[in-house]
Amino acid sequence: MSAFVVVALDVNDEEKFGEYVANVAASFAKYNVEVLAASDELDTIEGVAPSGRIVMLRFQSSAQARQWYESPEYQRVLPLRHAAADTRFMTVVEGLSEA
């Protein structure tokens with residue numbers, strides 16, 4: 001069953017965040033991460049959307065998402081994100097059964 005990592009963050013330093021983006025891609029290949037969305041442009045239909053950037057990543061499972069997050073490859077670049085942005089939340093959402 002697919003799982004999705006959804007991240008809401010406020011980028012404070014675009015140059016440093018660009019360095020993070022350039023380096024994080026290497027961690028995606030090993031864990032078959034698919035970037036589904038990454039945008040500051042939100043079209044809110046209902047409720048109050050968070051400000052800032054929303055990122056959505058697809059994984060083959062929630063276990064794989066956790067393995068990626070805890071991997072040495074991602075942990076090496078994580079400080080770049082923390083230095084460049086304030087994360088409002090980062091959560092794993094289970095997909096629907098593919099029966």
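**Notebook: sheet, helices, pocket**

Started with the strand pairing: β1 and β4 run antiparallel, and I find nine bridges joining them. Worth noting up front that I am working from a predicted model.

Next I looked for a facing pair between these strands. Ala8 sits opposite Phe89, which belongs to β4.

Then α3. This helix packs on the sheet, where I see it touching β1 and β4. Its direction makes about 130° with that of β4.

Stepped back to the whole sheet. I count four strands in an open sheet, ordered β2-β3-β1-β4, with antiparallel pairing. Which strands are at the edges? I get β2 and β4 (85–94), each of them pairing on one side only. I also looked up the turn between neighbouring strands: 15° on average, with direction ignored.

Moved on to the helix pair α2 and α3. For packed helices I want two values, the angle between the axes and the distance between the axes. Helix α2, residues 62–70, packs against α3 at about 65°, and the axes are 5 Å apart. I can therefore log α2 as roughly perpendicular to α3, since the range for that label is 65 to 115 degrees.

Which residues meet there? From α2 I list Trp68, Tyr69 and Glu70. On the α3 side I have Pro72, Tyr74, Gln75, Leu78 and Arg81. Sorted by class, this contact has five nonpolar residues, one polar and two charged.

Last job was the pockets. The largest one comes out at a volume of about 240 Å³. It is lined by 16 residues, and I noted Tyr20, Val21, Val24, Phe28 and Val55 as the closest to its centre.

Where does the lining come from? I find at least two residues from each of β1 (3–11), α1 (14–30), β2 (34–39), β3 (53–59) and α3 (72–84). Helix α1 gives the largest share, five residues.

I checked the classes of the lining too: 14 nonpolar residues, two charged and no polar ones. So α3 turns up in three of my entries: on the sheet, against α2 and in the pocket lining.

Note on methods. Residues are numbered from 1 along each chain as its sequence is written. This is a predicted model: local features need pLDDT of at least 70, side-chain atom pairs count only at pLDDT 80 or more; totals for chains, interfaces and linings use all residues. Side-chain values use heavy atoms; hydrogens and water are left out. On a 1 Å grid over the protein atoms alone, a cavity is a set of points where a 1.4 Å probe fits but cannot get out, and a pocket is an open set with protein on both sides within 12 Å along at least five of seven lines; lining residues have an atom within 4 Å of a point. Grid points are joined across faces, edges and corners, and a volume is the space filled by probe spheres set on the points. Ala, Val, Leu, Ile, Met, Phe, Trp, Tyr, Cys and Pro count as nonpolar, Asp, Glu, Lys and Arg as charged, and the others, Gly among them, as polar. Two strands pair if DSSP finds at least two bridges between them. Axes are lines fitted to C-alpha atoms, for helices over the stretch in contact, and angles run from 0 to 180 degrees between N-to-C directions. Contact means heavy atoms within 4.5 Å. Angles under 35 degrees count as roughly parallel, over 145 as roughly antiparallel, 65 to 115 as roughly perpendicular and the rest as oblique.
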